[in-house]
Amino acid sequence: MSNIVAIVGRPNVGKSTFFNRLIQRREAIVDAVSGVTRDRHYGKSDWNGKEFSLIDTGGYVKGSDDIFEEEIDKQVELAIDEADAIIFMVNVEDGVTGMDEDVATLLRKVKKPVFLVVNKVDNGKREEDAVEFYSLGLGDYYTIASINGSGTGDLLDALVEALPETEEAEEAEEALPRFAVVGRPNAGKSSFINALIGEDRYIVTDIAGTTRDSIDTKYNRFGFDFNLVDTAGIRKKSKVKEDLEFYSVMRSVRAIEHADVCLLVLDANRGFDGQVQNIFWLAERNRKGVVVLVNKWDLVEKDHKTTKEFEKVIRKQMEPFTDVPIVFISALTKQRIFKAIETAVEVYNNRTKKIKTSELNDTLLPIIEHYPPPAYKGKFVKIKYIMQLPTPQPQFAFFCNLPQYVREAYKRFLENKLREIYDFKGVPISVYMRKK
């Protein structure tokens, strides 16, 4: 489990450039929401061996000053609620603006680490200009140029040092599997949980402070015993005016970090849309088990081909991670809700499966001998030894003479063989080539 770091600030200060530099690729998961235009990016990064989830809260196209400032306030408040640390980015070219001052006013009340970052500082003159940002009352600042990475090392050193230690020891004591129910708003997450536990309840928490811990329900019925982590609730009824889409994703990030298996609930009428795909890939990148639950299936007009066609469309959008169970349910009529739990338990067992080293080598080395890695630049790769790494999720090391010449296509071949032989349905697998 890793910490969450939120990047806040007004538009055009360089947040997205900085974000892309930290996740080390130009692509980002984007949630384009109708209305006021904005992009939300979610990714993972690490520094000095410490991993964290990164959220770029994005910017807005300016409609009117009042609406704009109100939306900025929402973004910052949500980041304050959910993040472990906050990066507040400003732009030396524009100097201190009124909107910067508004955000700073909110951040001065925060008990969490806040890092004031002055971007676009790429020469000595701009270094001098950055002094004016002391007026924001947030103490020392960091000067960077996100376009070329200048200054980011010092910032990240301070950031990871300030992040709280993750609760690995506490998690180790918790023997029960954790199943997180995630998905976009109004997909039926609350109804699914109510149907499962056999009672209606408000899936909310009125506890003051942060919503770091999603709501847990211990489930112990019909031979199953696990913790059900619910992300359906909104922290306070007074906050329903907040940006629910963004809030639900931040809650999902936190729940995914804590979970072993994610039950991704989607509305059959909406399909596997962009928001659902965002959450799916968050789970995959966190190496969590995944079960897709297509809810409200009772409302869909169907014939004997509908289920297969619907499943085919979803798997196409999941590529290349298509080995994921899909269960068609109705929380309203309780159709197949226990099948969903049975499937989640199977995925959990797959995720915790350990295969003996001797068995791996006896089974896979003959296959590799028949289908060796293709020669690359005249070099022939020989894989000599295989072992499963002692990690919470399935990771395999293949020891060979020239690991740098093994292409991604062959790693995919090895992953597919592992899935085919040992059944890792619903679980991301990591394949590493190591020097023998």
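This is a short conversation about reading a few features of a predicted model.

Me: Let's begin with strand β11. How many of its residues are buried?

Reply: Seven of the seven residues of β11, residues 289-295, are buried, so the strand is largely enclosed by the rest of the structure.

Me: Which residues of β11 point one way, and which the other?

Reply: Here is the general idea: in a regular strand the side chains alternate between the two faces of the sheet. In β11, one group is Gly 289, Val 291, Leu 293 and Asn 295, while Val 290, Val 292 and Val 294 point the other way. Residues of both groups are buried.

Me: Which strand do seven bridges join to β11?

Reply: That is β10, residues 261-267, and the two strands run parallel. To find the pairing by eye, look for Val 265, which stands opposite Leu 293 of β11. Between β10 and β11 the chain passes through helix α9, residues 274-285, in a right-handed β-α-β crossover.

Me: And what joins β11 to β12?

Reply: Three bridges do, again with the strands running parallel; β12 covers residues 326-328. Here Val 292 stands opposite Ile 326. The chain travels from β11 through helix α10, residues 306-318, to β12, and this β-α-β crossover is right-handed.

Me: Now to cysteines. How many disulfides does a search of the whole structure find?

Reply: In general, a disulfide is a covalent bond between the sulfur atoms of two cysteines. Here the search finds zero. You can still look up Cys 262, which is buried with a relative accessible area of 1%, and Cys 400, buried at 0%.

Me: How do I read a pair of helices, such as α7 and α11?

Reply: Two packed helices are described by the angle between their axes and the distance between the axes. For α7 (residues 189-197) and α11 (residues 337-351), the axes come within 10 Å and cross at roughly 90°. The two helices are therefore roughly perpendicular to each other. Their contact is made by Phe 192, Ala 195 and Leu 196 from α7, with Ile 337, Phe 338, Ala 340 and Ile 341 from α11.

Me: What is the strand order in the open sheet of three strands?

Reply: The order is β13-β14-β15, with mixed pairing. β13 (383-388) and β15 (430-435) are the edge strands, each pairing on one side only. From one strand to the next, the twist averages 25°. Strand β14 pairs with β15 in the parallel sense over six bridges, and Ala 397 has Tyr 432 in β15 as its bridge partner.

Me: Which strands does helix α13 lie across?

Reply: Helix α13, residues 408-422, lies across β13, β14 and β15, at about 120° to β15. Helix α12, residues 357-370, lies across β13 and β14, at about 140° to β13.

Notes:
Residues are numbered from 1 along each chain as its sequence is written. This is a predicted model: local features need pLDDT of at least 70, side-chain atom pairs count only at pLDDT 80 or more; totals for chains, interfaces and linings use all residues. Side-chain values use heavy atoms; hydrogens and water are left out. Buried means under 20% relative accessible area, exposed over 50%, partly exposed in between (1.4 Å probe, protein chains only). Helices (H or I, at least four residues) and strands (E, at least two) are DSSP runs, numbered from the N terminus. Two strands pair if DSSP finds at least two bridges between them. A crossover is right-handed if, with the strands pointing away from the viewer, the path from the first strand over the helix to the second runs clockwise. A disulfide is a pair of cysteine sulfur atoms within 2.5 Å. Axes are lines fitted to C-alpha atoms, for helices over the stretch in contact, and angles run from 0 to 180 degrees between N-to-C directions. Angles under 35 degrees count as roughly parallel, over 145 as roughly antiparallel, 65 to 115 as roughly perpendicular and the rest as oblique. Contact means heavy atoms within 4.5 Å.
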